[in-house]
Amino acid sequence: MSEALLAQAVAALKTVGLNYAFVLDLGERSAFLRGLGVTLQLCLLTIPASLAAGVLIASALTSGRAWLVQPARAFVEVTRNTPTLVQLYCAFLVLNMLITQHVKLPGGNPLTPFVWVVIVVSLHKGVFHAEALRAGIEAVPRVTLEAARSLGFSQRQLLWRVELPLALRFALPALVNNLVDLVKMTAVASAIAVGDVTYESIMIWTQRDNVLELLLLILVFFGLLTWLVSLVGRWLEERLRMSGYGQ
Amino acid sequence: MASEIALPQGSAPAIAADAGTPAWRRPWALAAWAALALVAFWAATGTTPTAFVHLWTWLPALLRGLLANIEISVLAMVLGTLAGLLVGALSLSPLRVLRVAARWYVQVFRNAPVLVLVYFTTYVFPFELHLVSWTFPFPDWIKVVLGLALPASANVAEIFRGAIQSIPSAQWEAAQSLAFRRSEIFRLIVLPQCLRRMLPPWMNLYASITMSTALASLVGVHDVVDTAQIASNTVARTDFTILVYFTLLGLFFACCYPIARATRALERRHDRH
């Protein structure tokens, strides 16, 4: 029934010159759907992981201890100024190789390409989150902190009740922007043969020569994902809005 | 590359640097001197590790690859800037149709992964162009330039629009009341201020496009990443593989970090004004 509907849709698109015949092939359709699922999984795992990495790096950057600040600063600079693809290669082709050579576990190396993509993209975007959070922390007015201190807030209360809530609100637009970038960045997973939507599409179009059709689907899918992320971001901004801070 | 020139007299300046000049204290200068001293020591005693000998033979190929990356990024940025300024101007036009079209262009190409756009231009365009009776080859690297120019143009359009709109509307009104024409206000009052505001984000974009050129290796362009992979597979030594990939990281860092530093310096100067 739904097959028939699908066939009709494919035939209709054929008349406008788009060849979506692959959706009628059970194997290719399930491969494509699996790719969509893998991309979704990548996003759902890297978003929280990158935020956690961002908080860690930001706390190292603002800790004020030279032995923490300087390595964090160097890591930030190197990560911001090198391509994600090269970082992925350094992690997957170099570190992974070393781990495989030196760790003798019964099941072999437990780190799959998928895990490496999650690690590398999380750390990469974590750096950008950290920069946003640091800027947010620095944007908290000194007067507000002094006012809280004069009201008898302890250092810990000051951090958790005053500084961080305000810093988060200042940083939120930049964080959402970074998350949109992160969603787009997961496409790089196809470079090390993780079966995400881009990779599965390459597999299909090398068989069928329907590049344009698949690329349109991918663009729509990523457009949908980035739209969802920015929607959640806008909702959060709306919810966390405090009168007097931000627009 | 720098060590090639400094190799013969490598150790002498290293000793001079010990005197404690102010430049000596900079971490980059320090690292460079240390590397030079190490190379000089290896050259003098003939104990260079094999991986570094291999790296030395592959370095010219890597640098040629890097040149391809830089060419791609410069061309993509030139094309992207021209197209982006056009689209940005359209997004401010009084005609609604043009505004909506420009808005869509920016939305689509800013929200698409760069890798997908590179695949798009690589596979959708033909490998040859037929114009009347001539046939031009359409090499892959030009397709990558186009693939990177698309997101670059969308971002430039957004930077341009943001800069124009950041000029207070009171300036337009004041200029109008002084009987300037619309084109004159734009050319003489708004644009000069915009250019200064656009420069830092534009440089950021340039650095980001330079980093994106690494994706060219995925569609078969012989760039620096591709060269590094070939080198790693040809030499097939663990230590060389580690070295060549981290050299790759270092090469990109050397290209992009100065741009980031310059951008920050410009922003700081802009803040003060």
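**Confidence and fold in a predicted model**

Colleague: In chain B, where is confidence lowest and where is it highest?
Modeller: This is a predicted model, and its confidence in chain B varies by element. The low end is helix 1 of chain B, residues 2–6, with a mean of 39. At the high end, with 91, is helix 7 of chain B, residues 140–166.

Colleague: Over which residues of chain B does pLDDT stay under 50?
Modeller: Helix 1 of chain B, at residues 2–6, has the lowest confidence in that chain. For the stretch in question, the model has 18 contacts beyond four places in sequence. The stretch with pLDDT under 50 is residues 1–20 of chain B.

Colleague: What share of the residues in chain B score at least 70?
Modeller: The average pLDDT of chain B is 83. The share scoring at least 70 is 90%.

Colleague: What ipTM does the model score?
Modeller: Two scores are given for the model. Its pTM is 0.83, and its ipTM is 0.84.

Colleague: How many helices and how many strands are there in chain A?
Modeller: Along the sequence, chain A reads α-α-α-α-α-α-α-α-α. The count is 9 helices and 0 strands.

Colleague: Why is chain A described as more spread out than a compact globule?
Modeller: For 247 residues the globule rule gives 18 Å. Chain A is well over that value, so it is more spread out than a compact globule, with a radius of gyration of 23 Å.

Colleague: What percentage of the residues in chain A are buried?
Modeller: The C-alpha trace of chain A spans about 70 × 50 × 30 Å along its principal axes. Of the 247 residues in chain A, the buried ones make up 32%.

Terms used. Residues are numbered from 1 along each chain as its sequence is written. Chains are lettered from A and ligands numbered from 1 in the order in which they are written. This is a predicted model: local features need pLDDT of at least 70, side-chain atom pairs count only at pLDDT 80 or more; totals for chains, interfaces and linings use all residues. pLDDT is the predictor's confidence in each residue, from 0 to 100. Helices (H or I, at least four residues) and strands (E, at least two) are DSSP runs, numbered from the N terminus. Two residues are in contact if their C-beta atoms, placed from the backbone, lie within 7 Å. The radius of gyration is taken over C-alpha atoms; the globule rule is 2.2 Å times the number of residues to the power 0.38. A residue is buried if 20 or more other C-beta atoms lie within 10 Å of its own, exposed if 12 or fewer, and partly exposed in between; C-beta atoms are placed from the backbone.
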